[in-house]
Amino acid sequence: MHCSPTINNRRLAGFTLLELLLVVVVVAVIGGLAVLSLGDRREQGLQLEAQKLKALMDSLAEQAVFQQTPYGLQFIEHGYRSLVWDYSDSEWMVLGERESAQHFPDYIEIEPRSEAKQTPQEDEALVPDIVFYPDEEVEDFELRLSLVDGDTQWLIQGRRFKGISLVQF
C-alpha cells in the first residue's frame with residue numbers, strides 16, 4: 001500500500017486548528033493563574049507588614065513599661081523608625097542605628113492619623129507620630145495600610161487604656 005502524496009504533505013504542513021486552540025487555552029489558563037497568584041502574594045505581603053508593625057508597636061509599648069522610658073514610632077517616606085526618649089539630652093533618639101529605618105514594599109500605602117501634638121521643628125528633628133508611655137498609656141491613633149491599587153486594607157488602632165488592635169476591612 002502506498003499513501004497518496006497529498007496526505008503526507010498535509011501531515012507535514014503544520015499544526016491543526018484544534019492543536020493551536022488547545023495551546024492558546026493552556027497558555028491563557030497558566031497566565032490567569034499567575035496573575036491570581038501575584039495578587040494573592042501582594043495581599044499576603046500587606047497582611048504580613050501589618051502584623052509585623054503591630055508586633056513592633058506591642059514590643060515598644062512593653063519596652064516603655066519595662067524601661068520606664070517613653071518609646072515612639074516615627075513615619076517617614078515609605079517606612080518608619082523606632083525612637084526612644086533620651087533623658088540625659090532631653091530629646092528623641094533613633095533606636096538602633098540611623099539607617100535602621102524599616103521600609104514598606106512599593107505596593108503598600110500607609111496613612112497615619114494620630115492625636116499627637118506636632119510642633120513645627122527642623123526637617124531633621126526626631127518627633128514621634130505615636131508615643132508609648134511608661135504608664136502603659138498610648139495616644140489614640142489609627143494607621144491604615146492598604147495596597148496601592150487594591151481594596152484590601154488593614155487598620156491598626158491604638159486607644160488609651162485599651163491597647164493596640166489589628167483589623168482587616
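The paragraphs below lead through a predicted model, going from a long helix region and its surface to the strands, loops and charged pairs.

A convenient place to begin is helix α2, which covers residues 17-67 and includes Val29. Together with Val25, Leu33 and Leu36, Val29 makes a nonpolar surface patch of about 400 Å². Val29 itself counts as partly exposed, because its relative accessibility is 48%, a value that falls between the limits of 20% for buried and 50% for exposed.

Further along helix α2 there is a charged pair, in which the side chains of Asp58 and Lys54 meet in a salt bridge with an N to O distance of 2.6 Å. The two residues are four places apart in the helix, and so they are separated by about one helical turn. Asp58 is partly exposed, with a relative accessible area of 25%. In general, side chains of opposite charge can pair when their charged atoms come close, and in this model the count of salt bridges comes to six.

After the helix, the chain passes through a loop between α2 and strand β1 (71-76), and Gln68 lies in this loop. Although Gln68 is not a glycine, its phi is positive, at about 55 degrees, and the residue is partly exposed, with a relative accessible area of 46%. A comparable description applies to His78, which is found in the loop between β1 and β2. His78 is likewise not a glycine and has a positive phi of about 60 degrees, while its relative accessible area of 39% makes it partly exposed.

From there the reader can follow strand β2 (residues 79-86), which pairs with strand β3 (residues 91-94) in the antiparallel sense over four bridges. Within this pairing, Trp85 stands opposite Trp92 in β3. The hairpin of β2 and β3 has four residues between the strands, and in this hairpin Ser90 takes a positive phi near 50 degrees.

Another part of the structure to examine is the pair of strands β7 (141-147) and β8 (153-159), with Thr152 in the loop between them. Is Thr152 buried or exposed? Its relative accessibility is 13%, and Thr152 therefore counts as buried, the limit being under 20%. The side chain of Thr152 is joined to that of Glu43 by a polar contact of 3.3 Å. When its neighbours within four places in sequence are left aside, the residues in contact with Thr152 include Glu43, Leu46, Leu145, Gln168 and Phe169.

The same strands also carry charged side chains, and which residues are linked in a network of salt bridges? The network consists of Glu142, Arg144 and Arg159. One of its links is the salt bridge between Arg144 and Glu142, whose closest N and O atoms are 3.7 Å apart. Another is formed where the side chains of Glu142 and Arg159 meet, with an N to O distance of 3.2 Å. Because Glu142 lies in strand β7 and Arg159 in strand β8, this second pair ties together parts that are 17 residues apart in sequence. Arg159 is partly exposed, with a relative accessible area of 29%.

How values were computed. Residues numbered from 1 in each chain as written. Predicted model: local features only at pLDDT ≥ 70, side-chain atom pairs only at ≥ 80, totals over all residues. Heavy atoms only, no water. Patch = residues over 30% accessible without salt bridge, like charges linked within 9 Å, V, L, I, M, F, W, Y side chains within 5 Å. Areas by Shrake-Rupley, 256 points an atom, 1.4 Å probe, with all protein chains shown as cover. Salt bridge = Lys/Arg side-chain N within 4 Å of Asp/Glu carboxyl O. Buried < 20%, exposed > 50% of the residue type's maximum accessible area, 1.4 Å probe, protein only. Polar contact = N/O pair within 3.5 Å; in protein donor to acceptor, adjacent residues only side chain to side chain. Contact = heavy atoms within 4.5 Å. Pairing = 2+ DSSP bridges.
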